Amino acid sequence: MDELELKLCDIQGRLFELSGEKSLPSAAFIRAFMTSDVAKELDSRYNRAQWMGEEYLLEEILSDLHGTFPGMGEVYQKDILYWIGYIYRYWHFYTGEDSLRILRQASVEIMKRNFMMFHTMDPVLAIEKLKEIHLQKTFKRKV
């Protein structure tokens, strides 16, 4: 992981934190972001969005969604939001998977539920554990 990639992980973590500061419902915001054009741009090899700060990225997402989010919903704690944002972006750089595929493997609910166990782990180990959870759920559905 190079310095720029780690910086982008930090920016995405701070973006998720900022959504909480703006009282946006966390699960809805995270899903909207992970399926947005902004996330696709961040997934690309190089894009201008990679040089923007979290405030600009939040404006882009809200603009794409015409500022609409469900009015109700839990706003997660700042440390949970940061960790989810950081790990999702780190996951992308670690595996090369896009944001949508990552979200399908580790839903917002899974991330929040496992925060206490995984947030002190090395990001690679946390990602591998999250992938194991996904595989176990997939295997159980097939049985």
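**View 1. Phenylalanine 16 is buried, with a relative accessible area of 0%.** The model is predicted. Phenylalanine 16 counts as buried because its relative accessible area falls under the cut-off of 20%. Which helix holds phenylalanine 16, and which holds phenylalanine 29? Phenylalanine 16 lies in helix H1 (residues 3-21), phenylalanine 29 in helix H2 (residues 26-34). Phenylalanine 29 also has 0% relative accessibility and counts as buried.

**View 2. The rings of phenylalanine 16 and phenylalanine 33 pair edge-to-face.** Their centres are 5.4 Å apart, and their planes meet at 80°. Phenylalanine 16 belongs to helix H1 and phenylalanine 33 to helix H2, so this pair links parts 17 residues apart in sequence. Phenylalanine 33 is buried too, at a relative accessible area of 0%.

**View 3. Phe16, Phe29 and Phe33 make up one aromatic cluster.** The structure holds six aromatic pairs. One of them joins phenylalanine 16 to phenylalanine 29. That pair is edge-to-face, with 5.8 Å from centre to centre and 85° between the planes. It ties together parts that are 13 residues apart in sequence, because phenylalanine 16 sits in H1 and phenylalanine 29 in H2.

**View 4. Helix H5 covers residues 78-95.** Does its end-to-end distance agree or disagree with the expected span? At 1.5 Å a residue, its 18 residues should span 26 Å. The end C-alpha atoms are 26 Å apart, so the two values agree. The span is computed from one less than the number of residues. The buried residues of H5 include Trp83, Tyr86, Tyr88, Tyr90 and Trp91. Arg89 and His92 are also among the buried residues, as are Ile80, Leu81, Ile84, Gly85 and Ile87. Glycine 96 follows H5. Its phi is positive, near 85°.

**View 5. Lysine 112 places its charged end over the ring of tyrosine 76.** The distance from the charged end to the ring centre is 5.2 Å.

**View 6. The whole chain has eight helices and zero strands.** Along the sequence, the pattern reads α-α-α-α-α-α-α-α. Of the 143 residues, 45% count as buried. How much of the accessible surface belongs to carbon and sulfur atoms? The share is 54% of about 8,000 Å². Among contacts in the chain with a separation of 6 or more, 73% come from residues 24 or more positions apart.

Notes. Residues numbered from 1 in each chain as written. Predicted model: local features only at pLDDT ≥ 70, side-chain atom pairs only at ≥ 80, totals over all residues. Heavy atoms only, no water. Helix = DSSP H or I, 4+ residues; strand = E, 2+ residues; numbered from the N terminus. Buried < 20%, exposed > 50% of the residue type's maximum accessible area, 1.4 Å probe, protein only. Contact = heavy atoms within 4.5 Å. Areas by Shrake-Rupley, 256 points an atom, 1.4 Å probe, with all protein chains shown as cover. Phe/Tyr/Trp six-rings, centres within 6.5 Å; stacked < 30°, edge-to-face > 60°. Lys NZ or Arg CZ within 6 Å of the ring centre and 35° of its normal.
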